[in-house]
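Please work through the exercises below with the sequence and the structure open beside you, and try each task before you read its solution.

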Amino acid sequence: MQGTLVGNRMIGTEAPVTVGWDNIGRVEGGPIKRFIFTHFQPVVLFGLIGFWYYAPNSIAVASTAIAIGISFRILLLLLEWVNPRYESWQLTWKEFATDLFYVSLGYTLLRMVDSYIGSDALIEGFLAQFNWDTLSWFTSLPLLVQAFLIVFIFDFVQYWMHRGMHVWYPLWLPHAVHHYITQFNINKGAVGNPVELFLIGIGIGGFFDFLPRAVLLAGALRLGVGIYMHINVRFNTPRWWRYIFNTTEHHSIHHSQDFEASRSNYSGIFIFIDRIFGTCVDGEAEVLGLEGGRRMSIREQMSYPFTEGWKTIKRRLNRPASNVPAE
Amino acid sequence: MSWRLINWIWHIRGSLSLGPGLSSDEAFERLDPMFQQDGTTHKRADETLVFHKKDQAAQDKMSIFDGGVLSVEDGDPHPVLRYDLKSRALLACFIAPLIFLAFAQFSIILSGFDNGCAGGDRTSEQCAEETEEEEDVEDEVQKELHPIDKFLGAPPPKGSDEEDEAEDEEEEGEEEEEKMKHSPTRAYIFAGIFSVIYIVGRFLESWLIKRRFRKRLFPEDFAQAPDQTV
């Protein structure tokens, strides 16, 4: 495969990747359908921000956020059916059930574990140990600035954690499991080894105070942008959006079977972080996964980091000593 | 007890009349593309085809099945294709509600160990008082809105001078519900969801596979929308 030169890297030599925005697919159909799938993302995002900015305190609570999140996911599942990006990513019963298993693990068991050893719990313990208070640097800032900071601080840490996972083998082992997915659907972001899901959730936001409404606004930003990372819906995403935010297109390149392409687009929300550090590749890919698209069972997803890690250790220990003559 | 009484949980069985003029050889030939997928091995002997799948792709239209047997038998008046397919995914989904019920019990036990709020030494009133104290501390760090937000009309933060006290009282009820550190509610909800998903999957996949076999065996009946994906 010929590949395309992006910076000093050849992208798409091992698997098909569309580089640049000129050749990516567009929404097909009548003018109403094209209008809806062109403006859907910004309208929803600004709608969510407006709602959380002005909602009375009695409504601006976590339970409302959960209800909106679930309803929005159901709507997007319908959109996957109405306007899929690729037929090969079509959601099946098995994929839906598997994805939901990971979503439910995140809401139950992992949440319990996180409450003891998650970054927020550790930071709380750390601050309590030294009798320190959280830093209230940001609470006097405008709400939207606070919301941006909450998301940006987390995303910035996540960018480096994610990048670290792709370049350092011990971190790659738990993250590799997530890269075995061969299609994008709305809940695919939850698929991964629990160790990785824990690592990718590490943040330093617990050191800072924010107004509760700013936290809800940050949640709206994450929902209104981050949810499109793993989705099988074709949108005509606006140019300004894809310059600032991560998109399905960006993330599909990250999940490509092409090795060089997979080492790009690490951020979760703000693709401009990748642009700053030179790891952004614009474009899209359909053929995703590892090992030629082999599907990994849940059992293997749970054990892979440990079994592969053990195999690697054994290989290294059994490696014959090199015949270097003694001096 | 017959094994068959319970293995319907993960087995999908069915039959299709092959009609006149379709021999077993032709039938298996038409079905052959369904078994030419990555991770699929199959073996045919006389009137029977046995297949196995390992690490089957998500894009494989039979990915839900891990193995099975198809056989052509004499029927009245025409030969009949019978199939018996097994699916670990169905079995896992059947068991999933039990796993989440276990998580729910675990969360109740853990809450009891943690703070006594769920059946431990302390009464629920004591726990509620502690929760309120913690919230009071949190309230102390809350600030007023930035002038820009005031100008734009955002509601003032809870606990600020401008906040309507009545709203505070309304929320107290909701907050009390969350005083248990690890609520089992989510696990119960997911147990229910997986029960529904299993029932849907058991019927849906049974219908889908029959439809796919029919599409392969009688493409003329589906001439308008040929299935090219299997």
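A residue is called buried if 20 or more other C-beta atoms lie within 10 Å of its own, exposed if 12 or fewer do, and partly exposed in between, with the C-beta atoms placed from the backbone. The model is a predicted one, in which local features need pLDDT of at least 70 and side-chain atom pairs count only at pLDDT 80 or more, while totals for chains, interfaces and linings use all residues. Residues are numbered from 1 along each chain as its sequence is written, and chains are lettered from A and ligands numbered from 1 in the order in which they are written.

**Exercise 1.** Decide whether A:Glu291 is buried or exposed, and do likewise for A:Asn265.

*Solution.* Begin with A:Glu291, which is found in the loop between β4 (283-284) and α14 of chain A; helices (H or I, at least four residues) and strands (E, at least two) are DSSP runs, numbered from the N terminus. A:Glu291 has 12 other C-beta atoms within 10 Å, and therefore it is exposed. Next take A:Asn265, whose place is in the loop between α12 (259-262) and α13 (271-277) of chain A. A:Asn265 has 29 other C-beta atoms within 10 Å, so it is buried. Finally, look at the backbone: A:Asn265 has a positive phi of about 55° although it is not a glycine, and A:Glu291, not a glycine either, has a positive phi of about 50°.

**Exercise 2.** Find out what span is expected for helix α9 (residues 212-226) of chain A, and compare it with the distance between its end C-alpha atoms.

*Solution.* The expected span of a helix is 1.5 Å times one less than its number of residues. With 15 residues, α9(A) should therefore span 21 Å, and its end C-alpha atoms, 20 Å apart, agree with this. As a further step, list its buried residues, among them A:Leu216, A:Leu217, A:Ala220 and A:Leu221. What covers the buried residues of α9(A) includes α1 (31-54), α2 (62-82) and α6 (143-167) of chain A.

**Exercise 3.** Describe the two faces of strand β5 (residues 80-86) of chain B, and name the strands that pair with it.

*Solution.* In a regular strand the side chains alternate between the two faces of the sheet. In β5(B), the covered face holds B:Leu81, B:Tyr83 and B:Leu85, whereas B:Val80, B:Arg82, B:Asp84 and B:Lys86 make up the uncovered one. Two strands pair if DSSP finds at least two bridges between them. Strand β1 (residues 11-17) of chain B pairs with β5(B) in the antiparallel sense over 7 bridges, and strand β4 (residues 67-73) of chain B also pairs with β5(B) in the antiparallel sense over 7 bridges. B:Asp84 is the bridge partner of B:Arg13, and B:Val69 stands opposite B:Asp84. A hairpin through 6 residues joins β4(B) to β5(B).

**Exercise 4.** State how many residues of chain B are in contact with chain A, and sort them by chemical kind.

*Solution.* Two residues are in contact if their C-beta atoms, placed from the backbone, lie within 7 Å. By this rule, 39 residues of chain B are in contact with 36 residues of chain A. On the side of chain B that touches chain A, α3 (88-115), α5 (147-152), α6 (165-177) and α7 (185-217) of chain B each supply at least two residues. For the sorting, Ala, Val, Leu, Ile, Met, Phe, Trp, Tyr, Cys and Pro count as nonpolar, Asp, Glu, Lys and Arg as charged, and the others, Gly among them, as polar. The residues of this side of chain B then divide into 18 nonpolar, 9 polar and 12 charged.
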